[in-house]
Amino acid sequence: MNAVPDRRALQLPLDRFDVSDPGLYQAQTYHGYFDRLRREDPLHWCAESRFGPYWSITRYKDIMSTEVNHQVFSSELGGIQVIDQPKDMTRPSFIRMDPPKHDEQRKVVQPIVAPGNLANMEPLIRARTQTVLDGLPRNVEFDWVEHVSIELTTLMLATLFDFPVEQRQKLTYWSDVAIADITDPDAPVQSEEARFAELKVMAETMAGLFNDRKERPPGFDLLSMLAHGAATRDMPFREFMGNLGLLIVGGNDTTRNSMSGGLLALSQNPAEWDKLRADPGLIPNMVSEMIRWVTPVIHMRRTASRDFELHGKTIRAGDKVVMWYVSGNRDPEAIEEPDRFIIDRPKARQHLSFGFGVHRCVGNRLAELQLRILWEEVVARFPRIEVLGEAKRTYSNFIHGIRSLPVRIPG
């Protein structure tokens, strides 16, 4: 079952399209807009929006070619979101850098998600997943997001940072602060000043641990890696803030929302659930299809460093260029029957949800591992999980978030 496209997408003139409106993603009415843009205007100029003027790139192949063209499309000039960080509150991070500086800092944290370390982590992830699932209530309504998605991802984050487990809710809170749309009445912060203040508390808290790790022999956690990495041990405070925010959001929001959105997708496609029960060997492929289907990061932004021609139009130096992953992952020219959720889809891993090129999500294999273990353990326990109502979604044009999902496990 797919969301019904907003009729306005069919009727509105293209020059009035503004796909940066977070309400489109909260209401799940964005598909029709991107269907039209891919067909009729694959490089679309929005002259007026809350975030200023911007270009939209909506086709799969165009997004991929933009991702790897660092000479023209910079992550450093304006950041990675359609919204600009206020100039007096900037928080640089390696995802907001171009090569070679990006590559130097990324290499510092990459060992934590190397294949050997993931194999070492698997027993811990599985044991925690088993404990969480075994503790779920039967025959009563509960929130899957709170009791499963948040709990599992926050435990993982605490492990990655070697952060006190009893304080792990702080990690979830800081992640929510980092990606919040400040115009949302339900957001944890209501101004950029408040966001900056809370992220400063995050960085100060982490700095105590960071400085302690600096004095110890190198350990195998993110803070220790940053503290001993030649490219990161002497980071300015703002850069420390930015990199922490990046690693917390990257380790939390994407996996959390794939866990929630994946369950919702199975619930809306019961034949796929039957397929899964008949053949649990489909789980690794299903995980990739879930990540494509959910597309937990809605967009990434670049800034043109010089003029560039695409689809007969000129992107000018300084222009914002937004790559809409939610559109590329539904491009019928790249993905067969993209509006269907198919757990045994061929080449399911060829999606854009993790980005492409040097900025491809550093933790993508860890996210896949967590999701694979979750579904292996779910299938071993529960013939079905019933979704009882609508998902409550995040008001955001950046993270495709689910805030709550009421479910019941028959038992």
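In helix 11, T255, S258, M259, G262, L263 and L266 meet A367, Q370, L371, L374 and W375 of helix 15. Contact here means heavy atoms within 4.5 Å. The residues of this contact divide into seven nonpolar, four polar and no charged. Ala, Val, Leu, Ile, Met, Phe, Trp, Tyr, Cys and Pro count as nonpolar, Asp, Glu, Lys and Arg as charged, and the others, Gly among them, as polar.

This is a predicted model: local features need pLDDT of at least 70, side-chain atom pairs count only at pLDDT 80 or more, and totals for chains, interfaces and linings use all residues. Residues are numbered from 1 along each chain as its sequence is written, and side-chain values use heavy atoms, with hydrogens and water left out.

**Helix 11 and helix 15**

Helix 11 spans residues 237-268 and helix 15 residues 364-381; their axes come within 10 Å and cross at roughly 40°. That makes helix 11 oblique to helix 15. Axes are lines fitted to C-alpha atoms, for helices over the stretch in contact, and angles run from 0 to 180 degrees between N-to-C directions. Angles under 35 degrees count as roughly parallel, over 145 as roughly antiparallel, 65 to 115 as roughly perpendicular and the rest as oblique. Helices (H or I, at least four residues) and strands (E, at least two) are DSSP runs, numbered from the N terminus.

**Two residues of helix 11**

Both residues below are tabulated with their contacts, leaving out neighbours up to four places away in sequence. Buried means under 20% relative accessible area, exposed over 50%, partly exposed in between (1.4 Å probe, protein chains only).

| Residue | Relative accessible area | Contacts |
|---|---|---|
| L266 | 0%, buried | E272, W273, L276, M286, M290, F341, I343, W375 |
| T254 | 14%, buried | V249, P296, V297 |

L266 and M286 are 20 residues apart in sequence. Their C-alpha atoms lie 10.0 Å apart in space.

**The sheet**

Five strands form an open sheet with mixed pairing, in the order 1-2-8-5-3. Two strands pair if DSSP finds at least two bridges between them. Strand 1 (43-46) and strand 3 (73-74) are the edge strands, each pairing on one side only. Strand 2 (residues 54-57) and strand 8 (residues 320-324) run parallel, joined by three bridges. S56 has V322 in strand 8 as its bridge partner. Helix 4 (residues 60-68) packs on the sheet. Helix 4 touches strand 2, strand 3, strand 5 (299-304) and strand 8, and its direction makes about 130° with that of strand 8.
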